[in-house]
Amino acid sequence: MKNIFLSILLIISQLCYSQNNQPWQGKKCAVVLTYDDAYNQHLDNAIPVLDSLGLKATFYITAFSTSMQTRMNEWKKLAVKGHELGNHTLFHPCVGGPNATWLKPEYDLRTYTVQRMVDETRMTNVFLQALDGKTKRTFAFTCGDMKIGDSSFINAMKDDFVAARAVRNQMHKINEIDLYNVDCYMVNGETGAQLIEWAKKAMETNSLLVILFHGVDGGNSLNVSLSAHSQFLHFLKQNEKNIWIAPMITVAEYIKKWQKNNKTAKTNN
Ligand SMILES: [Zn+2]
């Protein structure tokens, strides 16, 4: 009798362990592919590979970008295909200085107020809603800048967004993720093999890996080559059994629910 009891206990603990260890829809990890700034190369070089593999990504849109102004209907179609149009502000303001010579003085965050940032970002949500009809959205900090002076502006917009992506090169387990400061790995010339190593690390550590692409064979000097991009995406597809690949909004809502349930469970105990 004692043995049966112990066996049952063992089975239950193993079940709990596997559930806790693989919380990503039962898979080993989650990978979110994000593309920033709305470049033509996303439409021309990234989308064909994503669509051919049936992978869904998040495109962090700067509403006033040249590509959006000239190819709006093509951006609109991405949402119909199941990709997420995320909010990457109206004008892409950043904190200026010697390292940001490309920044127009009008869009220097040092000259912004929190209210202006909040208003422009909300206006971008309105714009994106006009494109895809959606009311739930995620945000990506421009240049990773989170403050106007000493004030964090995302606090004023927590009801506007399910999550916000930052730019630190880190990956975390589901219980360690701060949804308003989601870390990501920024791609800057890595080979396909190097990108694949990141995904392997995410599988080994049961983490969320968020990838940040800028240029895809052009568009920005922070670039990924066509072959590295394709090799990485093919690896993800081939390992779909172990890797959950979904847009940020889908993964963020899942994390939010998981963290809430987990907190409830803890309180009940
Ligand atoms: Zn950007």
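This short presentation describes the helix packing, a zinc site and one loop residue in a predicted model of a protein chain.

Good morning, everyone. Let me begin with the chain as a whole. The model is predicted, and its protein chain contains 8 helices and 13 strands. Of the 269 residues in the chain, 49% are buried. Consider next the contacts in the chain with a separation of 6 or more: residues 24 or more positions apart account for 72% of them.

I turn now to the zinc ion. Which residues serve as its protein donors? They are D37, through OD, and H88 and H92, each through NE2. These donors lie 2.1 to 2.2 Å from the ion. Along the sequence, the spacing of the donor residues reads D-x50-H-x3-H. D37 belongs to the loop between β1 (29–36) and α2 (40–53), while H92 belongs to the loop between β3 (84–87) and α5 (114–132), so this pair ties together parts that are 55 residues apart in sequence. Are D37 and H92 buried or exposed? Both residues are buried.

The loop that holds D37 leads us to α2, and I shall consider two partners of this helix. With helix α4, residues 72–80, α2 packs at an angle of about 30 degrees, and the two axes are 11 Å apart. The helices α2 and α4 are therefore roughly parallel to each other, and their crossing is left-handed. On the α2 side, the contact is made by H42, L43 and I47; on the α4 side, by E74, W75 and L78. Sorted by class, this contact of α2 with α4 has 4 nonpolar, 1 polar and 1 charged residues.

The second partner of α2 is α7. Here the packing angle is about 20 degrees, with the axes 10 Å apart. Once again the angle leads to a description in words: α2 and α7 are therefore roughly parallel to each other, since angles under 35 degrees count as such. The crossing of α2 past α7 is right-handed. From α2, the residues in the contact are N45, A46, V49, L50 and L53. From α7, they are L226, H229, S230, L233, H234 and K237. By class, the contact of α2 with α7 comprises 6 nonpolar, 4 polar and 1 charged residues.

Helix α7, residues 226–238, also meets helix α6, residues 192–205. How do their axes run? They come within 8 Å of one another and cross at roughly 30 degrees. That angle makes α6 roughly parallel to α7. The crossing of α6 and α7 is right-handed. In α6, the residues taking part are G192, A193, L195, I196, A199, K200 and M203. In α7, they meet A228, Q231, F232, F235 and L236. The class count for the contact of α6 with α7 is 9 nonpolar, 2 polar and 1 charged residues.

Finally, I would draw your attention to a single residue, K136. Where is it found? K136 sits in the loop between α5 and β4 (138–140). Which residues does K136 contact, once its neighbours within four places in sequence are left aside? The contacts of K136 are with V162, I249 and E253. One further pair deserves mention: K136 and G86 are 50 residues apart in sequence, yet their C-alpha atoms are 9.6 Å apart in space.

Thank you for your attention.

Note on methods:
Residues are numbered from 1 along each chain as its sequence is written. This is a predicted model: local features need pLDDT of at least 70, side-chain atom pairs count only at pLDDT 80 or more; totals for chains, interfaces and linings use all residues. Side-chain values use heavy atoms; hydrogens and water are left out. Axes are lines fitted to C-alpha atoms, for helices over the stretch in contact, and angles run from 0 to 180 degrees between N-to-C directions. Helices (H or I, at least four residues) and strands (E, at least two) are DSSP runs, numbered from the N terminus. Angles under 35 degrees count as roughly parallel, over 145 as roughly antiparallel, 65 to 115 as roughly perpendicular and the rest as oblique. A crossing is left-handed if the near helix is turned anticlockwise from the far one by less than a right angle, and right-handed if clockwise. Contact means heavy atoms within 4.5 Å. Ala, Val, Leu, Ile, Met, Phe, Trp, Tyr, Cys and Pro count as nonpolar, Asp, Glu, Lys and Arg as charged, and the others, Gly among them, as polar. Donors are N, O and S atoms within 2.8 Å of the metal (3.2 Å for Na, K and Ca); water is not among the atoms, so sites may look incomplete. Buried means under 20% relative accessible area, exposed over 50%, partly exposed in between (1.4 Å probe, protein chains only).
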